[in-house]
Amino acid sequence: MTVRTTRRVLVTAATLLVGALATTACGSPQDTANGGGDSAAPVKVGLVYSQSGALASYGKQYIEGFRAGLAYATDGTNKIGDRTVEVTEVDDAGDPAKAVSAAKDLIGKGHKILAGSTASGVALQVAPIAAQNKVLFISGPAATDGATGVNKYTFRSGRQSYQDVLTAKSFIGDAAGKKVVVFAQDSAFGKSNEAAVKAVIGGAGATVSSVLAPASATDFTPFASQLTAAKPDLLFVAWAGTTAPAMWQTLDQQGVLSSTTVVTGLDIRASWPTFGAAGTKISFLSHFFDGAADNPAAQAAKKAVPGGVLDLFHPDGFAAAQMIVRAVREGGDDVDKMVTALEGWSFDGIKGKMTVRAEDHALLQPMFQARLSGTGDAMKAESPKVLTPDETAPPAVAMRG
């Protein structure tokens, strides 16, 4: 059985590392690792993610998905060959400094695999640590494009902002000559979305401008006034965290949602009722929602997660576990062999077919358009269109490290 050590770090950081395991396209989960290493020693995986803080709900889904994915990828044994997977969980509370401290601590204790990174700012700080120490790092829900191609040791188990924006672009058709405004938080996540909109939709001929709000903002009326005055053809909203309900309520009350086409990412299921009347006025790009895909991995995950309902970031944890299993099965304890094993690898995850692009480690994957219907807790999502991995593939970038 898996040995799971959990350390909750509240003030001084602890450890970083999320494991990801994956079955090969045609191999059995019981295949033994062939990359060398002590066949009796446990596989030590460090998961550093948000157990507390603004993104704690995302972290909860991530770890539930990871546990389900580990069971799926190992056929219920939680072993790779004869080696037990030993998982150490550390709370970084979304703080990059805590995550870096945790990563260094885990590396010092012999961990060669790190995963997690709920927040984009965390992923960007941990990635260089992984490269410096030549350990495998699989970032999680963090969507910043900067994590793609940052170095040969860094991978991702979730989507990136560029894929979100390509999905948003699918709602508006020809972007030439149109005016687009990005409303986002002044953070790594927000700026990544801003850059992606400028590159994708601006690159298709639209004029793109931005309104950035401090992450600490709680009064959104001044920003709503700016958005109304801008008179955009498309308003792209990138927002994460607990202030989202107040933000959406203000935009609705100030008439922003009825004055233009509004596109944003569909957040976790618990947030849907907070849209209120605004929910049916928004066009959603979606990373994932329960029912968006139906395949063996999704079915197994639904049975494994508490409550039997999948949500936004369950696929990220599930895929991380699949990737870790693949890396160790093929590479043993040799990190460079782990990297080689993941580069170019395709596998079937909760969302469907996923491919790790060898050139820059982008994770190519399906994305979804979504619409909400109903009210309150009875709100439902459906997907009018599923975009293929090729349709949402970000441009390849040169590996930077």
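**Reasons behind the labels in a predicted model**

Reader: Why does Ser283 count as buried?

Author: Its relative accessibility in this predicted model is 7%, and because buried means under 20% relative accessible area, Ser283 falls in that class. The residue belongs to strand 12.

Reader: What is Ser283 in contact with, once its neighbours within four places in sequence are left aside?

Author: With heavy atoms within 4.5 Å taken as contact, Ser283 touches Phe171, Val262, Val263, Thr264, Ala370 and Arg371. Gly265 can be placed relative to Ser283 as well: the two are 18 residues apart in sequence, and their C-alpha atoms are 8.6 Å apart in space.

Reader: Why are helix 2 and helix 3 called roughly parallel?

Author: The axes of helix 2 (residues 96-108) and helix 3 (residues 120-133) cross at roughly 25° and come within 8 Å. Angles under 35 degrees count as roughly parallel, and therefore helix 2 and helix 3 receive that description. The crossing of helix 2 past helix 3 is right-handed.

Reader: Which residues meet where helix 2 and helix 3 are in contact?

Author: Helix 2 contributes Pro96, Ala99, Val100, Ala103, Lys104 and Ile107, and these meet Gly121, Val122, Gln125, Val126, Ile129 and Asn133 of helix 3. By class, the residues of this contact are eight nonpolar, three polar and one charged.

Reader: What makes helix 1 and helix 10 oblique to each other?

Author: Their axes, for helix 1 (residues 56-73) and helix 10 (residues 314-331), cross at roughly 40° and come within 6 Å. Because roughly parallel needs an angle under 35 degrees and roughly perpendicular one of 65 to 115, helix 1 and helix 10 are described as oblique. Helix 1 passes helix 10 in a right-handed crossing. On the side of helix 1 the contact includes Tyr62, Phe66, Leu70 and Tyr72, and on the side of helix 10 it includes His314, Phe318, Ile324 and Arg329. The residues of this contact divide into 11 nonpolar, six polar and three charged.

Reader: Why is the term oblique also used for helix 10 and helix 11?

Author: The axes of helix 10 and helix 11 (residues 335-342) come within 8 Å and cross at roughly 120°. The range of 65 to 115 degrees is reserved for roughly perpendicular, and roughly antiparallel begins over 145, so helix 10 and helix 11 are oblique to each other. Here too the passage of helix 10 by helix 11 is right-handed. Met323, Arg326, Ala327, Val328, Glu330 and Gly331 of helix 10 meet Lys337, Met338, Ala341 and Leu342 of helix 11, a contact with six nonpolar, one polar and three charged residues.

Reader: How many aromatic pairs does the structure hold, and why is the pair of Phe183 and Trp239 called tilted?

Author: There are 11 aromatic pairs. In the pair of Phe183 and Trp239 the ring centres are 5.1 Å apart and the planes lie at 40°; because planes under 30 degrees apart count as stacked and over 60 as edge-to-face, with the rest called tilted, this pair is tilted. Phe183 sits in strand 8 (residues 179-185) and Trp239 in the loop between strand 10 (234-238) and helix 7 (244-253), so that the pair links parts of the chain 56 residues apart. Both residues are buried, and ring pairs join them with Phe220 and Phe223 into a cluster.

Reader: What makes the pair of Phe289 and Phe368 edge-to-face?

Author: The planes of these two rings are 65° apart, with 6.4 Å between the centres; since over 60 degrees counts as edge-to-face, the label applies to Phe289 and Phe368. Phe289 lies in the loop between strand 12 (283-286) and helix 9 (296-304), and Phe368 in strand 16 (residues 367-373), 79 residues apart. Phe289 is buried at a relative accessible area of 2%, and Phe368 is buried at 1%.

Reader: How do you know whether Ser117 and Lys134 are buried or exposed?

Author: Exposed means over 50% relative accessible area and buried under 20%, so Ser117, at 0%, counts as buried, whereas Lys134, at 53%, counts as exposed. Ser117 has a positive phi of about 55° although it is not a glycine, and Lys134 likewise has a positive phi of about 55° without being a glycine. Ser117 is in the loop between strand 5 (113-116) and helix 3, while Lys134 is in the loop between helix 3 and strand 6 (136-139).

Technical notes. Residues are numbered from 1 along each chain as its sequence is written. This is a predicted model: local features need pLDDT of at least 70, side-chain atom pairs count only at pLDDT 80 or more; totals for chains, interfaces and linings use all residues. Side-chain values use heavy atoms; hydrogens and water are left out. Axes are lines fitted to C-alpha atoms, for helices over the stretch in contact, and angles run from 0 to 180 degrees between N-to-C directions. Helices (H or I, at least four residues) and strands (E, at least two) are DSSP runs, numbered from the N terminus. A crossing is left-handed if the near helix is turned anticlockwise from the far one by less than a right angle, and right-handed if clockwise. Ala, Val, Leu, Ile, Met, Phe, Trp, Tyr, Cys and Pro count as nonpolar, Asp, Glu, Lys and Arg as charged, and the others, Gly among them, as polar. Rings of Phe, Tyr and Trp (its six-membered ring) pair if their centres lie within 6.5 Å; planes under 30 degrees apart count as stacked, over 60 as edge-to-face and the rest as tilted. Buried means under 20% relative accessible area, exposed over 50%, partly exposed in between (1.4 Å probe, protein chains only).
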